2 protein chains.
Amino acid sequence: MKKKPLILVSNDDGVNALGLKALIEVVTEFGEVIVVAPEKGESGMSHAISIVNPIRKKFVSKEDNLTIYSVNGTPVDCVKLALNQIVDRKPDFLVSGINHGSNASISVIYSGTMGAAIEGCFNGIPSAGFSLLNHDANADFTASKVFTRIIFKEMMQNGLPQGTCLNVNVPDLPLEKITGIEACRMAKGVWKEEYDKRTDPHGREYYWLTGHFNNFEPNAKDTDEAVLAANKVAIVPVSVDITDYEMLKSIKNWNL
Amino acid sequence: MKKKPLILVSNDDGVNALGLKALIEVVTEFGEVIVVAPEKGESGMSHAISIVNPIRKKFVSKEDNLTIYSVNGTPVDCVKLALNQIVDRKPDFLVSGINHGSNASISVIYSGTMGAAIEGCFNGIPSAGFSLLNHDANADFTASKVFTRIIFKEMMQNGLPQGTCLNVNVPDLPLEKITGIEACRMAKGVWKEEYDKRTDPHGREYYWLTGHFNNFEPNAKDTDEAVLAANKVAIVPVSVDITDYEMLKSIKNWNL
């Protein structure tokens, strides 16, 4: 009998996040699941790894086809430690999330959720990150679970090309208001900072990061931001080869 | 009289790193320089940002056309804080490094040095990261400075397309042994982990990250790894749009 697929799960909101529980509910239907997630929130950790400090893993629980560990490191640390020290065979799939908050447009690059998915992809594992456009710790993942299930099934069926993973974002709407799923490109834009400058009780200044997203192409129809604004789930295929091949042609004219 | 170009400088090895000093020596020749660098080493921080904790900046020094600040945050925090709170006009260029150690192939994605460059690129600033293939804190940056100067001059002259920055890696060789500069693509590969598992004095296990790079295409001639192995400086143009446009065509066949 063929072994059940082994599915590695991580996230960046930490092992206790509601979004992680939602993702586990979806994927335990399809195989043996090992969760290795940060012990606390690691949002905005991108592809960071722990070099200066060692990391520790903690066994959380095991029941039926679900084993959970936490790690005091980044999402990418979780994936690396899982692959090297926890799993006894190469996972067939890696899923990350469901993130509390959007990872559309350039947020994919700041995202710890997508950091984990990209790390899976580096290791030749078909990988996807899932995010809901709601930051709230108590966000409702009902619709997200339905779409995660559909997309994960298609990913199992079709596989993914080597070097490509998926960045899936789900609008913050009840299921019946979401009108479809669309593959698209990431919108061009920037997070414009507005640091909140304060003074501590000892008279020293400090800064809180705040800001807003500035979409450079608000009228484009084929971006993740546009698809989400049209109340659809957005899937962006993400390449881990970030060479700019167009520029590679024109730089040949430089005087080097 | 036209104002001198404003050049923002950062790195991930920290404000006291020798590689940063080398980069400052090169670019102060070309304009007014503001350095905003992490107060301590932030290697492997990728595109991470500080969300949970506030950050602080520290004035370090000012002389002639060079002002230096340190920030207790990541390289990307440094760039964000610089743009929002430190500079009085948009920098004309951003340079990051010179990193102590290679950022070729997929290391570009773990790299805090390249995180800073990519953040500059998001903000429409022509940006480049420079790295020397030597991790040593006392590495010799003589040759790196020569090539950084050549490449920075070309970047000033030609500009860079919106959404593209440069990842420059320099072989660890004396100047006369380096045979040229070549634009190339990033090699496909993976860092294979070999965690070093230890036990602390209290009987608890912990893990140090170690590993080695596995080049998936050792025979390709057009990758950064191949160019460096041929004793040349490698320039990879990096796109901040990481959509996989090939996959975007084939995913249309999925049953979504």
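Which residue of E7(B) does Leu132(B) stand opposite? It's Val170(B), and the views below show the surroundings. This is a predicted model, where local features need pLDDT of at least 70, side-chain atom pairs count only at pLDDT 80 or more, and totals for chains, interfaces and linings use all residues. Residues are numbered from 1 along each chain as its sequence is written, while chains are lettered from A and ligands numbered from 1 in the order in which they are written.

**View 1. Strand E6 of chain B and its two partners.** Strands here are DSSP runs of at least two residues (E), helices runs of at least four (H or I), numbered from the N terminus. Strands pair if DSSP finds at least two bridges between them. E6(B) pairs with E5(B) in the parallel sense over five bridges, and Asn99(B) stands opposite Ser131(B). E6(B) and E7(B) are also joined in the parallel sense, over five bridges.

**View 2. Both faces of E6(B).** Six of the six residues of E6(B) are buried (20 or more other C-beta atoms, placed from the backbone, within 10 Å of their own), so the strand is largely enclosed by the rest of the structure. Ser127(B), Gly129(B) and Ser131(B) sit on one side, with Ala128(B), Phe130(B) and Leu132(B) on the other. In a regular strand, side chains alternate between the two sheet faces.

**View 3. The sheet from edge to edge.** Nine strands of chain B make an open sheet with mixed pairing, in the order E3-E4-E2-E1-E5-E6-E7-E13-E8. E3(B) and E8(B) stand at the edges with a single partner strand each, so one side of each lacks a neighbour in the sheet.

Methods
Buried ≥ 20, exposed ≤ 12 C-beta atoms within 10 Å, placed from the backbone.
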